[in-house]
Amino acid sequence: MTEPRIQYVTTGDGVSIAYAVTGEGRPLLRVPTLPVSHLQLIWQAEFARDTIGGVTRGRTYITYDARGFGLSQRDVTDFSLDALVRDIEAIVDHLGLGQIQVMAAGYGVPIAIAYGAAHPSRVSHLALSAYASAQGMPEEEVDAIMALGEKNWELATETLTHAVLGWANSATAHQVAAVMRASASPETLRAFIGQIRHWRVEDLLPAVAAPTIVVGRSGGPGPSFDTARDLAAAIPNARLAMIEGPLDASSNQEAATIASFLSDGA
């Protein structure tokens, strides 16, 4: 795959956002799986290859780095959902897109939900991989990892990614940790983690009008079947898909599941 050309757009609150567009067809926007957000490195990463190739084929694929991360403006402190939704709004408005498909995983999921709830007429399909985040970890464990990052950033990122993805996915976790270190500074990650604890999307879920798929994963770390089921049940037009097996071995299955869903009604 040809590496995309990186461009910039300015949000309504004056933040410079790096984005890239590749391919042709129906527009599909991918929300970054924060705190891993680096346009160049994600495109080259082995762990992202199946999703990029399996889901984006036949589509105009739009991806970006969230504010504070990757190639976007780094000197920001606001990581509220409203601020992160402004990143998407700036790109969609700048490109003059009509209806778009949106996909997200991990901490990108609440951002995608917030955008979909705020702009129901603009989102035709919503694909949420709701299994890979630190959300299920006790706060004291996350705080301990963040404190470790002030002394040993490499060890902290390796610990966090392995805790989230599981030791069964060690090869992938190691790659993700390397991209995370390039995506953000320890200070940015600490600020981000501190603010996501205040994110709330429960009241937004009934306002998501687009057909939605919630992909969960059984037999591994991350949200349980009950968590994924509850998310799907709270979105009016959603369905649940469970993927079996570790992340390293089942990414093709997940990509095929999402691609099939996004093709419905296309």
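D13 counts as partly exposed, at 35% relative accessibility; here buried means under 20% relative accessible area, exposed over 50%, and partly exposed in between (1.4 Å probe, protein chains only). The structure is a predicted model, in which local features need pLDDT of at least 70 and side-chain atom pairs count only at pLDDT 80 or more, while totals for chains, interfaces and linings use all residues. Residues are numbered from 1 along each chain as its sequence is written, and side-chain values use heavy atoms, with hydrogens and water left out.

The side chain of D13 meets that of R86 in a salt bridge, at 3.2 Å from N to O. A salt bridge is taken as a side-chain nitrogen of Lys or Arg within 4 Å of a carboxyl oxygen of Asp or Glu. D13 lies in the loop between β1 (6-10) and β2 (16-22) and R86 in helix α3 (residues 81-95), so the pair ties together parts that are 73 residues apart in sequence. Helices (H or I, at least four residues) and strands (E, at least two) are DSSP runs, numbered from the N terminus. R86 is partly exposed as well, with a relative accessible area of 27%. As general background, side chains of opposite charge can pair when their charged atoms come close.

By this rule, the count of salt bridges comes to eight. Helix α3 appears again in the pair of D93 and R122, whose closest N and O atoms are 2.7 Å apart. This salt bridge links distant parts of the chain, with D93 in helix α3 and R122 in the loop between α4 (108-118) and β6 (123-129), 29 residues apart. D93 is partly exposed, at a relative accessible area of 47%, and R122 is partly exposed at 24%.

A further salt bridge joins R181 to E158, with 3.5 Å between the closest N and O atoms. Here the partners sit in two helices, R181 in α7 (residues 170-183) and E158 in α6 (residues 153-165), 23 residues apart. R181 counts as partly exposed at 23% relative accessibility, whereas E158 counts as buried at 13%. Salt bridges that share partners also join D13, R67, D78, R86 and D87 into one network.

Helix α7 can be checked for its span. The expected span of a helix is 1.5 Å times one less than its number of residues. For the 14 residues of α7 this gives 20 Å, and the end C-alpha atoms are 20 Å apart, which agrees. Within α7, the buried residues include T172, A173, V176, A177, V179, M180 and S183.

Strand β3 (residues 26-30) is mostly covered, with four of its five residues buried. Strands are said to pair if DSSP finds at least two bridges between them. β3 and β4 run parallel and are joined by five bridges, and L29 stands opposite I62 in β4. β3 also runs parallel to strand β5 (residues 100-105), with three bridges between them; in this pairing R30 stands opposite M103 in β5.

R30 leads on to the empty space inside the model. A cavity is defined on a 1 Å grid over the protein atoms alone, as a set of points where a 1.4 Å probe fits but cannot get out, and lining residues have an atom within 4 Å of a point. Grid points are joined across faces, edges and corners, and a volume is the space filled by probe spheres set on the points. A search of the whole structure finds two cavities of 30 Å³ or more. The largest cavity has a volume of about 70 Å³. It is lined by 13 residues, of which R30, H38, L39, I42 and T63 are the closest to its centre. The elements that give two or more residues to this lining are α1 (39-44) and β4 (59-64). By class, the lining has eight nonpolar, three polar and two charged residues; Ala, Val, Leu, Ile, Met, Phe, Trp, Tyr, Cys and Pro count as nonpolar, Asp, Glu, Lys and Arg as charged, and the others, Gly among them, as polar.

The second largest cavity has a volume of about 30 Å³. Its lining is made up of M146, G149, E150, W153, P186 and R190, and α5 (139-149) and α8 (186-196) each supply at least two of these residues. By class, three are nonpolar, one is polar and two are charged. R190 belongs to helix α8 and counts as partly exposed, at 35% relative accessibility. R190 and I145 are 45 residues apart in sequence, and their C-alpha atoms are 9.7 Å apart in space.

Notes: On a 1 Å grid over the protein atoms alone, a cavity is a set of points where a 1.4 Å probe fits but cannot get out, and a pocket is an open set with protein on both sides within 12 Å along at least five of seven lines; lining residues have an atom within 4 Å of a point.
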